[in-house]
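Student: Could you take me through one part of this model closely, with attention to which side chains are covered and which rings pair? I would like a connected account.

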Amino acid sequence: MQARWLIRRGNRKVAVIALGWACGPQLVGHIRPQGYDVLALYDYSGIGEIIAGIEQRPDITGRIAAGKELVAGKDDIPDTGAPVADNSVSPDTGTSATNNCGTQQPGLPLKSEGASTLTNKGDSGPLTVGSPGGLAELKRSIEVYPFRLLVAWSFGVWAAERLFAGTRFDRAVAVNGTPLPADETAGIGARRLAVTLRGIEKGGLEEFNRKAYGPHAGLAEDVQSERSPAALTKELSTLVSLAAVPYLPARDWTLAVVGRQDGIFPPENMLRYWGDRAREVNSPHYPFGDETILKLLF
């Protein structure tokens, strides 16, 4: 799993954005909510091993495996008054600490070249969270913030449920997704997921991107071009397989945003699952190009 920080020092709030399948941080690179540091999670190819480790070690959120600390640099953690451990980043996993002191407000990714703000000079690259210990250290870096917002989109809703069990968020918003993507009445459905996977394996991503991203399909294609087709299908295959394993969702979601034009998660299934927590909007599956939705999130 990959994570990337957009750091503005001194912010006392953090927004953790769990993206969906075949995503990259460029899809939310235009988002600069005032007063927030932002952490984007993407590429869930190795999430099975992380979940298995969490289930085997239920105390993992409070213990870090020696030699596997993965955390943003200590100088980039905001001064919240809470003690911050002096941990260094494991040299074989990359780093996540970046300093971006811009004041840009949330905007629209109208064209792909305007959304690649995460590749600015000084960006040290993604943080690879490849173990339960790495995830626990990532959680520690989030928990220093007095206010924590979780935004989860598409398959990221399921991923956030599995990864952040026991992690407190002051506000949690699900966008065009549910914690049960393989459920026939509350998600996409196992059969439809299998058909989608086979279609992508045979015909590529063009049709999927058209349904998922609408006018922003070009941005998705640019992001996906950075990974091989085999890597993308492996990630989806992993998610489809894991989503079929029964589990009990436990996150107390504050709000669920449901796009009426969603071509991936059936809107009627999302409305059925979320009930009175749902807020309908006139949006396709990809939500981060809609200023109305950004205002709901932040």
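Tutor: Buried here means under 20% relative accessible area, whereas exposed means over 50% and partly exposed lies in between. This is a predicted model, and by that definition of burial both Phe155 and Trp158 are buried. These two residues belong to helix 3, where they sit three residues apart, about one turn of the helix. In an α-helix there are 3.6 residues a turn, so residues three or four places apart point the same way. Helix 3, residues 155–163, lies across strand 2, strand 5 and strand 6 (171–175), and runs at about 135° to strand 5.

The strands beneath this helix are part of an open sheet of eight strands with mixed pairing, in the order 4-1-3-2-5-6-7-8. Strand 4 (127–128) and strand 8 (278–281) stand at the edges with a single partner strand each, so one side of each is left without a neighbour in the sheet. Elsewhere in the sheet, strand 1 (residues 2–6) pairs with strand 3 (residues 36–42) in the antiparallel sense over five bridges, and Arg4 has Ala40 of strand 3 as its bridge partner. Helix 2, residues 132–143, also lies across strand 5, as well as strand 1, strand 2 (13–18), strand 3 and strand 4, and it runs at about 160° to strand 3.

Turning to the rings, a search of the whole structure finds 13 aromatic pairs. One of them joins Tyr36 and Phe147 edge-to-face, at 6.3 Å centre to centre and with 70° between the planes. Because Tyr36 lies in strand 3 and Phe147 in strand 5, this pair ties together parts that are 111 residues apart in sequence. Tyr36 is buried, with a relative accessible area of 6%, whereas Phe147 counts as partly exposed at 25% relative accessibility. The pair of Phe155 and Trp158 is edge-to-face too, since the ring centres are 6.2 Å apart and the planes stand at 85°. A further group of rings, Trp153, Tyr213, Tyr286 and Phe288, forms one aromatic cluster.

Tyr213 of that cluster is also one of the buried residues of helix 5 (residues 206–213), together with Phe208, Asn209 and Ala212. They cover an arc of only 95° around the axis, which puts them on the same side of helix 5, while Glu206 and Arg210 are exposed on the other side. What covers the buried residues of helix 5 includes strand 5 (147–153), helix 4 (190–203) and helix 6 (217–224).

A caution applies to residues 58–124, over which pLDDT stays under 50. Where pLDDT is low, the predicted coordinates should not be read in detail.

Definitions and conventions:
Residues are numbered from 1 along each chain as its sequence is written. This is a predicted model: local features need pLDDT of at least 70, side-chain atom pairs count only at pLDDT 80 or more; totals for chains, interfaces and linings use all residues. Side-chain values use heavy atoms; hydrogens and water are left out. Buried means under 20% relative accessible area, exposed over 50%, partly exposed in between (1.4 Å probe, protein chains only). Helices (H or I, at least four residues) and strands (E, at least two) are DSSP runs, numbered from the N terminus. The arc is that of the directions from the helix axis to the C-beta atoms. Contact means heavy atoms within 4.5 Å. Two strands pair if DSSP finds at least two bridges between them. Axes are lines fitted to C-alpha atoms, for helices over the stretch in contact, and angles run from 0 to 180 degrees between N-to-C directions. pLDDT is the predictor's confidence in each residue, from 0 to 100. Rings of Phe, Tyr and Trp (its six-membered ring) pair if their centres lie within 6.5 Å; planes under 30 degrees apart count as stacked, over 60 as edge-to-face and the rest as tilted.
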